[in-house]
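Here is my notebook from an afternoon with this structure. I looked things up one at a time and wrote down what I found.

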Amino acid sequence: MKKICFLGLSGSGKTCYLYAASHLLGQGLHTSAGKLSIVCADTGRSTSLTVGFNEMNGKFPVWPKGTGETMYFPFELFIEGRRKIEFEICDYRGGVFSEATDKAHDQRQTLYEESDCIVLFIDSYTLMRAFSLKNKTDISNAFKRGDLQEKTYSDAISELNHLKVIINEARRNISQDTSILLVITKKDVFQNEELEDAIEKLKLHMDILFSEETLNPIGITAISLGTDLGSGELNQDGQKKILGQMHLSVSNNLHIPILFPLFIDINLSDNEKGM
């Protein structure tokens with residue numbers, strides 16, 4: 001079974017992404033070579049994915065609360081109804097990267113060693129602050145919408161440096177065949193040229209991945225769950241209301257973080273390769 005590890009600091013958007021992407025890919029993508037879909041192989045885990053998605057896409061949409069624990073989700077990939085591969089996604093608890101215990105270190109090392117792909121989620125607001133990609137008015141508006149936490153340039157750089165430590169720790173414990181994908185979340189906050197600038201600056205900051213010495217398959221993409229998404233006031237259950245419009249589509253690259261690791265070495269027919 002192929003194992004995909006989702007990493008990211010708390011609030012990076014990896015769990016909300018998993019809710020949205022599992023729904024989109026569960027419906028299936030229609031390609032020139034046929035229909036591609038994924039199905040969760042565990043009823044209990046499937047229910048938790050559905051509940052999370054419905055919170056985001058219901059009559060009164062809210063951002064789901066973080067799980068606070070590492071979760072494992074078994075899936076199967078189908079092409080034209082034929083099962084092609086079994087895989088598991090580990091949604092790794094973000095808060096564990098702040099724990100300096102030997103137990104936490106050993107848990108991470110084991111996870112890296114067992115993973116076939118490391119997917120690292122980085123939110124756009126951190127890049128906005130770290131790389132000064134928005135003017136003061138845009139940043140002020142983001143604060144007012146509740147999208148951007150009160151963090152300084154120094155805070156954002158510290159987060160990026162911490163993510164670099166995380167990915168370097170992972171690199172020391174994976175094989176050369178293990179792929180690594182950087183995922184910029186909440187890309188709708190950027191204009192196209194700003195996003196391109198963010199990607200180039202992130203590649204420079206994560207130079208340990210994009211050097212000639214790196215032998216692992218490396219990728220970088222940016223995703224979004226909609227347009228002008230933000231956080232409103234809290235509801236009675238303490239959850240932040242969703243502002244803006246949810247829009248789940250391959251045009252927002254929602255399929256890439258899951259399909260990227262699956263299609264690197266999967267055996268496909270000539271027709272399926274046309275996907």
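**Helix 3, length.** I started with a ruler check on helix 3, keeping in mind that this is a predicted model. Helix 3 has 13 residues, so at 1.5 Å a residue it should span 18 Å, and I found its end C-alpha atoms 18 Å apart, which agrees.

**Helix 3, sides.** Which residues of helix 3 are buried? I noted Ala104, Arg108, Leu111 and Tyr112. These residues cover an arc of only 100 degrees around the axis, so they sit on the same side of helix 3. That made me recall a textbook rule: an α-helix has 3.6 residues a turn, so residues three or four places apart point the same way. Then I turned to the other side of helix 3, where Asp102 and Lys103 are exposed.

**Helix 3, neighbours.** What do the buried residues of helix 3 pack against? My list reads strand 1, strand 4, strand 5, strand 6 and helix 6 (153–171). Helix 3 (residues 102–114) lies across those four strands, and runs at about 135 degrees to strand 1.

**The sheet.** Next I followed the strands across. They form an open sheet of 8 strands with mixed pairing, in the order 2-3-4-5-1-6-7-8. Strand 2 (29–31) and strand 8 (218–222) are the edge strands, each pairing on one side only. On average, neighbouring strands of this sheet are turned by 25 degrees against each other, direction ignored. I zoomed in on one pair: strand 1 (residues 2–7) and strand 5 (residues 82–91) pair in the parallel sense over 5 bridges. For Ile4, I found that the bridge partner in strand 5 is Ile89.

**Helix 7.** I also looked up helix 7 (residues 192–205), which lies across strand 6, strand 7 and strand 8 and runs at about 150 degrees to strand 8.

**Helix 2.** I repeated the ruler check here. The 15 residues of helix 2 (residues 43–57) should span 21 Å, and the end C-alpha atoms are indeed 21 Å apart. Leu49, Gly52, Phe53 and Met56 are buried in helix 2. Seen down the axis, the buried residues of helix 2 fall within an arc of 95 degrees, so they line one face of the helix. They pack against helix 1 (14–27), strand 3 (34–40), strand 4 and strand 10 (240–246).

**Confidence.** Last, I asked where confidence is lowest and where it is highest. Helix 5 (residues 136–145) is lowest, at a mean of 49, while strand 7 is highest, at 96. The mean pLDDT of the protein chain is 85, and 87% of its residues reach 70 or more. A reminder to myself: where pLDDT is low, the predicted coordinates should not be read in detail.

Methods
Residues are numbered from 1 along each chain as its sequence is written. This is a predicted model: local features need pLDDT of at least 70, side-chain atom pairs count only at pLDDT 80 or more; totals for chains, interfaces and linings use all residues. Side-chain values use heavy atoms; hydrogens and water are left out. Two strands pair if DSSP finds at least two bridges between them. Helices (H or I, at least four residues) and strands (E, at least two) are DSSP runs, numbered from the N terminus. Axes are lines fitted to C-alpha atoms, for helices over the stretch in contact, and angles run from 0 to 180 degrees between N-to-C directions. Contact means heavy atoms within 4.5 Å. The expected span of a helix is 1.5 Å times one less than its number of residues. Buried means under 20% relative accessible area, exposed over 50%, partly exposed in between (1.4 Å probe, protein chains only). The arc is that of the directions from the helix axis to the C-beta atoms. pLDDT is the predictor's confidence in each residue, from 0 to 100.
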